[in-house]
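Here is a short briefing on one protein model, arranged by topic. Keep the sequence and the structure in view while reading.

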Amino acid sequence: MIDWHCHILPNMDDGSRDVAESISLINMQREQGIGTIVATPHFYANDESCEDFLLRRQRSFELLKNQLPDECPRILLGAEVRYYQGISRLSNLKDLRVENSKILLLEMPDTKWTESMVRELIEISSFGGIRLVLAHVERYMPIQDAKIRRRLLESGILMQVNASFFTEFFTRHKALSHLKNGHIHFLGSDCHNTTSRPPNIGKAYEIIRKKQGEIYLSQMNDFGHSKLFTV
Ligand SMILES: [Fe+2]
């Protein structure tokens, strides 16, 4: 199973503080049945250039790589890219895709989106070589106009939700209903640390397996390998 969104790289963002914490997070993910971890540190274009971010990410990963446990899940490098108006013109946007794939994980603002923002998402989704995935959509989709989700889905934009959407009692029913309706494609733990925001993704996958069956589980985990990865 895949964790599509997490902050396990040491000292990259507000996630793991050091290698020891990263190893603890990875062990927790492995114990929960995760075989592939997509590491998605925050990228804010206001704060640094894309080149600097990628260099910093590589250094962070090198530190971790030497100390990874045996039977470690596969780790793919990606980013949680913060949206800003005009991001479609960022020249190296493709460099922020998840390693060996077309996937670009984009974090949208928790506000009502304007028509020009929606159009920009659709424009990015038309770029060859990019498959746009919106991060933790449960946070901001409920406040958007009703037709926006359908327009985005029809443009081929994919949706990621956090595991807590399924594990929390008050949102579980809604999460399962969105899954059945084809509104959810990827699951991420969005873990940041071992205490206040630990990985809880195994439980979410288990809920999906129990309530929806194996077919949904394999669809969510097969997506990447069959269609979106280039190697
Ligand atoms: Fe995140």
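**The iron site**

Along the chain, the donors of the iron ion follow the spacing H-x1-H-x72-E-x109-D. The model is predicted, and the points below describe its iron site, its two parallel sheets, its cysteines and two further residues.

- Which protein atoms are the donors of the iron ion? They are NE2 of His5, NE2 of His7, an OE atom of Glu80 and an OD atom of Asp190.
- These donors lie 2.0 to 2.3 Å from the iron ion.
- The four donor atoms subtend angles of 84 to 170° around the iron ion, so the arrangement is irregular.
- His5 counts as buried because its relative accessibility is 0%.
- His7 has a relative accessible area of 1%, so His7 is buried too.

**The three-stranded sheet**

- One open sheet is formed by three strands in the order β1-β2-β4, and the pairing is parallel.
- Its edge strands are β1 (2-6) and β4 (74-77), each of which pairs on one side only.
- On average, neighbouring strands of this sheet are turned by 20° against each other, with direction ignored.
- Strand β1 is joined to β2 (residues 36-39) by three bridges, and the two strands run parallel.
- Which residue of β2 is the bridge partner of Cys6? The partner is Ala39.

**The six-stranded sheet**

- Another open sheet has six strands in the order β3-β5-β6-β7-β8-β9, again with parallel pairing.
- Here the edge strands are β3 (42-43) and β9 (186-188), and each pairs on one side only.
- Within this sheet's order, β5 stands next to β6; three bridges join β5 (residues 80-82) to β6 (residues 103-107), and these strands run parallel.
- One residue of β5, Val81, has Leu106 in β6 as its bridge partner.
- Glu80, a donor of the iron ion, falls within the residue range of β5.

**Leu96, between β5 and β6**

- Leu96 lies in the loop between β5 and β6.
- Is Leu96 buried or exposed? Leu96 is buried, because its relative accessible area is 0%.
- Leaving aside neighbours within four places in sequence, Leu96 is in contact with Phe43, Cys50, Phe53, Leu54, Ala79, Val81, Leu90 and Leu104.
- Among these contacts is Val81, the residue that has Leu106 as its bridge partner.
- Leu96 and Glu51 are 45 residues apart along the chain, and their C-alpha atoms are separated by 9.8 Å.

**His178, in a helix**

- His178 lies in helix α6, which covers residues 169-180.
- His178 has 16% relative accessibility, so it counts as buried.
- Not counting residues up to four places away in sequence, His178 touches Arg149, Phe165, His183 and Ile184.

**Cysteines**

- How many disulfides does the model have? The count comes to zero.
- Cys72 is in no disulfide, and the nearest cysteine sulfur, that of Cys6, is 11 Å away.
- Cys72 counts as partly exposed because its relative accessibility is 22%.
- Cys191 is in no disulfide either; the nearest cysteine sulfur is again that of Cys6, 4.8 Å away.
- Cys191 has a relative accessible area of 0%, so Cys191 is buried.
- A disulfide requires two cysteine sulfur atoms within 2.5 Å, so a separation of 4.8 Å does not qualify.

Note on methods: Residues are numbered from 1 along each chain as its sequence is written. This is a predicted model: local features need pLDDT of at least 70, side-chain atom pairs count only at pLDDT 80 or more; totals for chains, interfaces and linings use all residues. Side-chain values use heavy atoms; hydrogens and water are left out. Two strands pair if DSSP finds at least two bridges between them. Helices (H or I, at least four residues) and strands (E, at least two) are DSSP runs, numbered from the N terminus. Axes are lines fitted to C-alpha atoms, for helices over the stretch in contact, and angles run from 0 to 180 degrees between N-to-C directions. Donors are N, O and S atoms within 2.8 Å of the metal (3.2 Å for Na, K and Ca); water is not among the atoms, so sites may look incomplete. Four donors count as tetrahedral if all angles lie between 85 and 135 degrees; four count as square planar and six as octahedral if opposite donors are over 155 degrees apart and all others between 65 and 115; anything else is irregular. Buried means under 20% relative accessible area, exposed over 50%, partly exposed in between (1.4 Å probe, protein chains only). Contact means heavy atoms within 4.5 Å.
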